[in-house]
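Hi,

Here is the structure I promised to pass on. Have a look at it first, and then read my notes below.

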Amino acid sequence: MTVNENDGDTTFADLGLRSELLDVLSALGYEEPTPIQGEAIPPLVEGRDLLGQAATGTGKTAAFALPVLQRMPPPGDGGGPVALILVPTRELAVQVSEAFHRYGRTLGTRVLPIYGGAPIVRQLQALKRGVDIVVATPGRALDHIGRGTLDLRDLRTVVLDEADEMLDMGFADDIEEILAATPEERQTVLFSATLPPRIDGIARRHLRDPVRIEMGHAAAEGREATPLVEQTAYLVARSHKPAALGRLLDIEAPTAAIIFCRTREEVDQLTEAMNGRGYRAEALHGGMEQEQRDRVMARLRAGTADLLVATDVAARGLDIEQLTHVVNYNVPSAPEAYVHRIGRVGRAGREGVALTLVEPREHRMLKSIERVTKQRISVERLPTVADLRARRMELTRAALEECLLQDDLEPFRVVVESLADEFDLMEVALAAVKLAHESSGGALDEEEIPEISPRTVDKRGGQRDGRPDGQRYGRGPAGGMARLFFNVGRSAGIRPQDLVGAIAGESRLSGRDIGAIEIAERFSLVEVPDSAADEVIAALRRATIKGRRPTVRRERETHTRRPR
Ligand code: AMP
């Protein structure tokens, strides 16, 4: 099965979800299932196994969380956990737990994230009190299974989330061991951004007649993204997105732009934020009456509003003549949605611009879109404050030029003449330009938005600074980083992913935070942020890497032999 475009007809109710869940989704402002949700939820609700290709940003978490919640026995029946979700990192364990909390809040669902680095005592207490859903990194899950504190007898569903990432981090054996400890008749769900042969191997061994969902075929076969649209993406941390959007709009100065958001809530918040920054923004989403929507569209057409902030559902079927820019405030949930959105500009031979804000974790989704559309989306750095100043000067200059070409300057001659007695004409002109610039908002002070380098994003490509082995060895660690010494190395079969897996699985760091890794015959050196070094050492005290319990400490100054 492949993911098809949601044609606007499928609703969450059509997927057979119970009313408590439908109410929660509506309160969260979710207007329709994402394509992956449309395909995955019905078979999962029926209890089928599933192998799904889905990256972060597709809505995959809700795709497995909603069916798990749907199938939950009534609260208080006294059994052990009914679902175990395995995830590669602590960061994701927290995110997935929060998602379960959010969706299951009216059902009274008890969710527990378990990962290394958090006090085990609290986890033990929570497990004893009883939980319905456990979200765990493989290392810590095994630890609890070994202690007999995680009872898997009542388990109905196991989800392997970001399975390729877990394999890359060296968790393959742990996963096998955990699955062997679960009931045979369980439902097994595997989500992975990529489907390499190793994932197929796991699927063959552990999934029973799974439904297969792969992304992007519909768009690849169907339409092509229009070549007249210039497509650019910017990597931005979530907290800087409103500022980044403002910056881009200032530089691009669109005649009219549509900004796509995921939910109603996001539309309302962003509309307010953009109005606060001095734009004329209007919200458009499915929670609005037809009459309200008509008014919004009229304002846009009349040019009394220049930004439309909308959900996909609300924007469906709109045809806006003067639209020059499409902005994806998040990476859309499927390549098809991207193609749809950017098809709104670049019509009838006019050129359009599509801008996409990408959070670092969504970077892989961008790659999927490029693969499907067979078009490159260039990732560029956000304009800096200096770029913005230069652009604002340019706009002031253009405004003055236009003014000079019009013939209505006479009334101001007396002002210039009276000043000319006292000042040089150039000085007078400079003062006038300054006033014009300031009154158009051109002198507003802006803060720099931190740049995220694409090179540090995708560790799969092995492109991170300091790799491959050996490049930085013998020099001091990179700025702000500390180097940790592990007494295991090549002779113990250690690979970089084993070290990344152990650190990301046991501490609050994610793979991205980890710097250069050097593997010598009998030891390894790994750079981590200095501020987190002691916490990582403490977290790894109980960890095993390739079956060994390593000694981990800060590297001593003298330790500068070249690894062999
Ligand atoms: P995920 O791919 O699971 O990381 O989800 C990406 C984001 O999309 C999360 O912020 C979700 O809250 C949001 N999301 C998931 N499903 C929907 C939906 N059907 N409509 C709107 N937003 C959604």
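Let me begin with Asp132. Leaving out neighbours within four places in sequence, Asp132 is in contact with Met72, Pro81, Val82, Ala83, Gly108, Thr109 and Arg110. One of those partners also shows up in a polar pair: a polar atom of the Asp132 side chain sits 2.7 Å from the backbone nitrogen of Arg110. As for where this happens, Asp132 belongs to the loop between α5 (120–129) and β4 (133–136). With a relative accessibility of 13%, Asp132 counts as buried, because the cut-off for buried is under 20%.

Before you go further, keep in mind that this is a predicted model.

Now the overall picture. The protein chain has 564 residues, and buried ones make up 52% of them. You will find 21 helices and 18 strands in the chain. If you take the contacts between residues at least 6 apart in sequence, 77% of them join residues that are at least 24 apart. The chain's accessible surface comes to about 26200 Å², with 49% of that belonging to carbon and sulfur atoms.

The ligand is probably what you want to set up next, so here is what I have on it. Its shell consists of 15 residues, and the closest are Tyr30, Gln37, Gly57, Gly59 and Thr61. By type, the shell divides into 3 nonpolar, 8 polar and 4 charged residues. Where does the ligand lie relative to domain 1 and domain 2? It lies between them, because domain 1 (2–220) and domain 2 (224–383) both give residues to the shell.

For the polar contacts with the ligand, I have these:

- Gln37: a polar side-chain atom lies 2.7 Å from a ligand nitrogen.
- Thr58: a backbone N or O atom lies 3.0 Å from a ligand oxygen.
- Gly59: a backbone N or O atom lies 2.8 Å from a ligand oxygen.

On its own, the ligand has 490 Å² of accessible area, and the protein covers 86% of that.

Next, some backbone angles to look at. Glu162 is not a glycine, yet its phi is positive, at about 55°. Glu162 is located in the loop between β5 (157–160) and α7 (163–168). Is Glu162 buried or exposed? Its relative accessible area is 17%, so Glu162 is buried.

Asp209 also has a positive phi without being a glycine, here of about 40°. You can find Asp209 in the loop between α9 (197–206) and β7 (211–213). Asp209 is exposed, at a relative accessible area of 59%; the cut-off for exposed is over 50%, which is why it gets that label.

One more loop residue, and then I'm done. Thr182 sits in the loop between α8 (172–180) and β6 (187–192). What does Thr182 touch, not counting residues up to four places away in sequence? The partners are Leu152, Leu155 and Val158. Thr182 is buried as well, since its relative accessible area is 8%.

If you open the model with the ligand in view, I'd go to Gln37 and its 2.7 Å pair with the ligand nitrogen, then move on to the backbone atoms of Thr58 and Gly59. After that, try the Asp132 side chain and its pair with the backbone nitrogen of Arg110.

Cheers

Key:
Residues numbered from 1 in each chain as written. Predicted model: local features only at pLDDT ≥ 70, side-chain atom pairs only at ≥ 80, totals over all residues. Heavy atoms only, no water. Helix = DSSP H or I, 4+ residues; strand = E, 2+ residues; numbered from the N terminus. Buried < 20%, exposed > 50% of the residue type's maximum accessible area, 1.4 Å probe, protein only. Contact = heavy atoms within 4.5 Å. Areas by Shrake-Rupley, 256 points an atom, 1.4 Å probe, with all protein chains shown as cover. Near = heavy atom within 4 Å. Polar contact = N/O pair within 3.5 Å; in protein donor to acceptor, adjacent residues only side chain to side chain. Nonpolar A, V, L, I, M, F, W, Y, C, P; charged D, E, K, R; others polar. Domains from an automatic or database assignment.
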